[in-house]
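Dear colleague,

I am passing on the structure below, together with some notes on what was found in it. Please read them with the model open beside you.

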Amino acid sequence: MNGLLDVIRAETFKVLRKRRMYILAALYWVILPVLALIVGRLLDTNLADSFANEGASVDMLLQSLFSPYGLAGVSLVLPAYASPTLYIVAVALLAALLIGDERSQQMWKTVLVVQPNRVAVLSGKIIVCMLAILALMAGAFLSSVIFGSLGTTFLPTDFSGDWLRLAWLYLLQWAFLLAPVVLAFLLIFVVRSAVLGIVMVLFLPGLIEGIYTVLNTLLQLQPLNRINAIFQTLRLQRAWEEAPRYFFTANLYVPGRSPGTEFMTQLIPEGDDFNESIFGGMLGSGIDLAHAAAVMAGYAIVIGALLYWAFLRRDVD
Amino acid sequence: MNAITAEGLTKRYGGTAAVDDVTFSIEQGEIVGFLGPNGAGKTTTLRMLAGLVRPSAGSCSVLGESVPGPTLSNVGTMIEEPSFYPYLTGRANLQHAALLHGDVPAARIDEALAFVHMQDAAEKKVKAYSQGMRQRLALARALLWRPQVLLLDEPTNGLDPAGIAEVREALRSVAETGATVLVSSHILAEIEKLVDRILAIDKGVLRFDGPLHRLLEQMGGQAVAYRIRASDQTGLLAALTTLGYEPRAVADDSADVSVPLDDADRLIERLTGAGVRVIAAAPRGEDLEGAYLRLIAPGGRPS
């Protein structure tokens, strides 16, 4: 236990001295809400007194997106839609710092002698990575509230909203990021290259899903219907069709994208099925939180087990 | 009590044995030199002792506990090139190591920095350090928690002569505290001045394990080393080379050369015959380098 606490203290010391973490925090905590407020102000100035605000639809939009609650939602949703997402960028940067540097600077030979308990070393690094991500997300939540409060002074917004649910979604999104953290650690450790490992973290899940999409398209072509017949015979057709529901990225951002889905639902005609609407495909929705949580827990356990197995066995060169 | 023990230590990579059935033990407080040419298996052996590499066969222990184990926290290491986080200062690198170790008082960092004369550079980022500074800082880190065992791989690499002498003195004073030191080096003159005992490894096999004087006795008696001073150093070197020896220039006017015992009595006569005006010729006795080179040469006698 002492070893674990020593690793946590040492790695935290390291993270706090890395400039890139502050740049990431500034981007997430300040630039994003400030830009959002500027957009809100522009909307308010140009549309509040126009015909577009009939029925107070602009006011509703401003409340949904630029109130303290709305801004906190935007700070959860937007990072989940960037490409690559801000969440995965944060994971990659932290993994590069906590695992990649040990490789590129040949620090394993020092770290693992100073602290020979490899379980403590790996666990400590994972914990520090998750704590750093938690700090980033909590900071984003708080800064959104602060900037949103400032916004209430010049926008028709207030503090109303389902704060508890939003905080729960933040927490869930943070917990879901354990799977990409252990994946990043595993890839960087196994390929023995920080750069290659990070590139793989950023693009591998998307690449696998892209290959599936291409294969799926090919399978629907007539000349390949024999393969379909084989699929049917082996009863694989259903599993193949269900596969996207278990994809890494399709599940990873479900909590983060959830407020976005709720917001978009307001924009489709009442009674229409959201998943069938133009927004449904765009948001990758149709996966509920419980399913996504189970899938991501599965990924975290399997990848984590592989990571510990590799880390405890491998020679350090 | 043995501080370090290796028992049939073997490491294979594919079909090649980098270290092959190496057995030795080192008592507490000994300073032992670990000699071997590049690729002999020195670093792999040190890595196994430090718990970084798993042996393919055999075992090793440090301070009575098998490796890897908790006693490694009583070991200080410098293995191959010194490595640091380049974006941290020298002091911050030591602070990180101290936190990771968990049992280092804050004042000890200043002591360690002072010990290697690095106080003035402590606040600079390591990426701005010279090789010599990195080497000193690595030694400070290895000594940070006052380890009972030091595993040092080429600790004087990149240091100037004054730095080498400082490291040598530092290691002596560490050894005086009762610490055990296993140090590998290519600079045999440095080993000679520092250690009590030699382990010599070649192609993964331990070729010699014993006191320094025994290596000199065992491998001596076949050649004599001379330092010859002449009025014309270039002529001296040319003549020695023509006679089939491998001289090494020393200062502006001298050369060191090792000649077979059978040739020793005719050396001056042959040099004079070759037109060299010899001013002085002093036998240097058997040195470690000569003994070591013969040990690892084909036909060299293993102990």
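Before the notes begin, one term has to be fixed: two residues are said to be in contact if their C-beta atoms, placed from the backbone, lie within 7 Å. Please also keep in mind throughout that this is a predicted model.

With that meaning of contact, helix α1 of chain A is a good place to begin. In α1(A), the residues Gly3(A), Leu4(A), Val7(A), Ile8(A), Glu11(A), Thr12(A) and Val15(A) meet a set of residues in α7(A), namely Ala120(A), Val121(A), Ser123(A), Gly124(A), Lys125(A), Ile127(A), Val128(A) and Ala132(A). Sorted by character, the residues of this contact between α1(A) and α7(A) comprise 9 nonpolar, 4 polar and 2 charged. As for the geometry, the axis of α1(A) and that of α7(A), a helix covering residues 118–151, come within 8 Å and cross at roughly 45°. That angle makes α1(A) oblique to α7(A), and the crossing of the two helices is right-handed.

Helix α1(A) also takes part in the contact between the chains, to which chain A brings 23 residues and chain B brings 26 residues. On the side of chain A that touches chain B, the elements giving two or more residues are α1 (2–16) and α6 (108–114) of chain A, and α1(A) gives the most, with 7 residues. This side of chain A divides into 10 nonpolar, 5 polar and 8 charged residues.

Turning to chain B, you will find an open sheet of 6 strands with mixed pairing, in the order β6-β7-β8-β3-β9-β10. The strands at its edges are β6 (75–78) and β10 (205–211) of chain B, and each has a single partner strand, so one side of each is left without a neighbour in the sheet. On average, and with direction ignored, neighbouring strands of this sheet are turned by 15° against each other. At one end of the order, β9(B), which holds residues 197–202, pairs with β10(B) in the antiparallel sense over 6 bridges, and Leu199(B) stands opposite Asp209(B), a residue of β10(B).

Two helices of chain B lie across strands of this chain. Helix α4(B), residues 131–143, lies across β6 and β7 (149–153) of chain B and runs at about 165° to β6(B). Helix α5(B), residues 161–176, lies across β3 (31–35), β7 and β8 (180–184) of chain B, and its direction is at about 150° to β8(B).

With best regards

Key. Residues are numbered from 1 along each chain as its sequence is written. Chains are lettered from A and ligands numbered from 1 in the order in which they are written. This is a predicted model: local features need pLDDT of at least 70, side-chain atom pairs count only at pLDDT 80 or more; totals for chains, interfaces and linings use all residues. Helices (H or I, at least four residues) and strands (E, at least two) are DSSP runs, numbered from the N terminus. Ala, Val, Leu, Ile, Met, Phe, Trp, Tyr, Cys and Pro count as nonpolar, Asp, Glu, Lys and Arg as charged, and the others, Gly among them, as polar. Two strands pair if DSSP finds at least two bridges between them. Axes are lines fitted to C-alpha atoms, for helices over the stretch in contact, and angles run from 0 to 180 degrees between N-to-C directions. Angles under 35 degrees count as roughly parallel, over 145 as roughly antiparallel, 65 to 115 as roughly perpendicular and the rest as oblique. A crossing is left-handed if the near helix is turned anticlockwise from the far one by less than a right angle, and right-handed if clockwise.
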